[in-house]
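This note is intended for a colleague who is meeting the structure for the first time. The points below are numbered and may be read alongside the sequence and the model.

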Amino acid sequence: MIDTGRYLIGAAGVSGFGSKSTADEVTENCDLRSTTAIITGATSGIGAETARVLAKRGARLIFPARNVKAAEEAKGRIVSEFPGTEIVVMELDLSSMSSVRSFVAGFESLHLPLNLLINNAGRLAHEHAISEDGIEMTFATNYLGHFLLTNLLLKKMVQTAEETGVQGRIVNVTSGIHGWFTGDLIEYLRLISQPKCQFDATRAYALSKLANVLHTKELSSRLQKIGANVTVNCVHPGVVKTRLTRDREGLMTDLVFFLTSKLLKTVPQAAATTCYVATNPRLVNVSGKYFTDCNETTPSGLGSNSSEATKLWAASEILVTQHPKAAFDPFS
């Protein structure tokens, strides 16, 4: 009850920020003119606001996008607001492992440094679909594509940190919904990656978001073991006000929206935690943590399970091998 009250009034936590803080506010004193950042899902919503604010602080941005036209339009909006901002648009379909590899090859050909990777893109597939690699589409897009993308970019991030002396940061955008998933992760993924199955879109989404949390935990451990000057943390941005809700009409809908709106965030507020974790100097050497409302908190029990994180990592390494549609055989 106390936590809910603090959330509603936007009370600041240990960080000095809270649920009502905006991305602009949490980056007010940041100078990112020497920072190169890759942001997935930067064409709309939280990702677009994250990109706008990082550009405002001087960062060079890379926009990987499935819809290149939408990415170019997003770039145009930012450049019109902050002339001189350097933004590179590149094609990437996170649900396709071959597309991820092509993107990384293209990025490497640019010979740019990489200080910051924000794995923000996500989808909630209401209809059951399987990726070209034989993986359920929500999981492939929200988690597996980011897993491969991060692994392929790590060498560049470690190298950049060594050359500049500036710690690299990886931010995985997850959701509090990760706590809704219970059961065997790999077994459920196997079931929903079959052509015919009982598909629960919300549970599939929760699985993908739990995978983001576990990925953060295991990757942090691995980075620390090799002594890399790169950290990784995950964030729950909060629930965002949407046009879908506002466009509903009727007294009852208006009443429901009025009540629930007190728990919802604006997009600038939702982007705040990502921007805080990506840029704040007090988070140097902080890694493997889960943040909400710009403050460290605790993920679900399953999300805190080290053995589950290790198990998922091993499965993921097999799933991203270049043997499409045969990925689940090793689990048989």
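1. S99 is buried, since its relative accessible area is 16%, and a residue counts as buried under 20%. Please note that the model is a predicted one. S99 belongs to helix α5, which covers residues 97-109. Once its neighbours within four places in sequence are set aside, the contacts of S99 are L92 and D93.

2. As to the overall make-up, the protein has 13 helices and eight strands. Of its 332 residues, 52% are buried. Among contacts with a separation of 6 or more, 76% are between residues 24 or more positions apart.

3. The largest nonpolar core has 51 residues, and the members that touch the most others are F103, F107, F139 and L149. Two or more residues of this core come from each of α5, α6 (137-164), α7 (185-192), α8 (201-225), β6 (230-236) and α13 (306-319). Helix α6 provides the largest share, with 12 residues. As a general matter, nonpolar side chains tend to be buried together in soluble globular proteins.

4. F107 merits individual attention. Leaving aside neighbours within four places in sequence, F107 is in contact with I38, I62, M90, L112, P113, L114, L153 and K156. Apart from the core described in point 3 lies another, of 39 residues, which includes F63, I78, V173 and A278.

5. How many of the seven residues of β6 are buried? Seven of the seven are, so the strand is largely enclosed by the rest of the structure. Both of its faces are covered: one side carries V230, V232, C234 and H236, the other T231, N233 and V235, and all of these are buried.

6. The pairing of β6 involves strands β5 and β7. With β5 (residues 168-173), β6 runs parallel and is joined by six bridges; within this pairing, V173 has V235 as its bridge partner. With β7 (residues 290-292), β6 also runs parallel, here over three bridges, and C234 stands opposite Y290. V173, the partner of V235, is also among the residues of the 39-residue core.

7. Strand β4 (residues 116-119) is likewise covered on both faces, with L116 and I118 buried on one side and L117 and N119 buried on the other. It pairs with β1 (residues 36-39) in the parallel sense over three bridges, where I39 stands opposite I118. Four bridges join β4 to β5, and these two strands run parallel; L117 stands opposite I170 of β5. Strand β5 is thus bridged both to β4 and to β6.

8. Helix α4 (residues 68-81) has 14 residues and spans 20 Å from its first C-alpha to its last, close to the 20 Å expected at 1.5 Å a residue. Its buried residues include A71, A74 and I78. Viewed down the helix axis, the buried residues of α4 fall within an arc of 60°, so they line one face of the helix. The face turned away from the buried side carries K69 and S80, which are exposed.

9. What do the buried residues of α4 pack against? They pack against α3 (45-56), β2 (60-65) and β3 (87-91). I78, one of the buried residues of α4, is also named among the members of the 39-residue core. At the start of the helix, a side-chain oxygen of N67 comes to within 3.2 Å of the backbone nitrogen of K69.

10. Helix α3 has 12 residues and reaches 17 Å between its first and last C-alpha, close to the 16 Å expected at 1.5 Å a residue. The helix is mostly covered, with 10 of its 12 residues buried. These are I46, G47, A48, E49, T50, A51, R52, V53, L54 and A55. Just after α3, G58 adopts a positive phi of about 105°.

Definitions and conventions. Residues are numbered from 1 along each chain as its sequence is written. This is a predicted model: local features need pLDDT of at least 70, side-chain atom pairs count only at pLDDT 80 or more; totals for chains, interfaces and linings use all residues. Side-chain values use heavy atoms; hydrogens and water are left out. Buried means under 20% relative accessible area, exposed over 50%, partly exposed in between (1.4 Å probe, protein chains only). Contact means heavy atoms within 4.5 Å. A nonpolar core is a set of buried Ala, Val, Leu, Ile, Met, Phe, Trp, Tyr and Cys residues joined through side-chain atoms within 4.5 Å. Two strands pair if DSSP finds at least two bridges between them. The expected span of a helix is 1.5 Å times one less than its number of residues. The arc is that of the directions from the helix axis to the C-beta atoms. A polar contact is a pair of N or O atoms within 3.5 Å; within protein, one must be able to donate a hydrogen and the other to accept it, and residues adjacent in sequence count only if both atoms are side-chain atoms.
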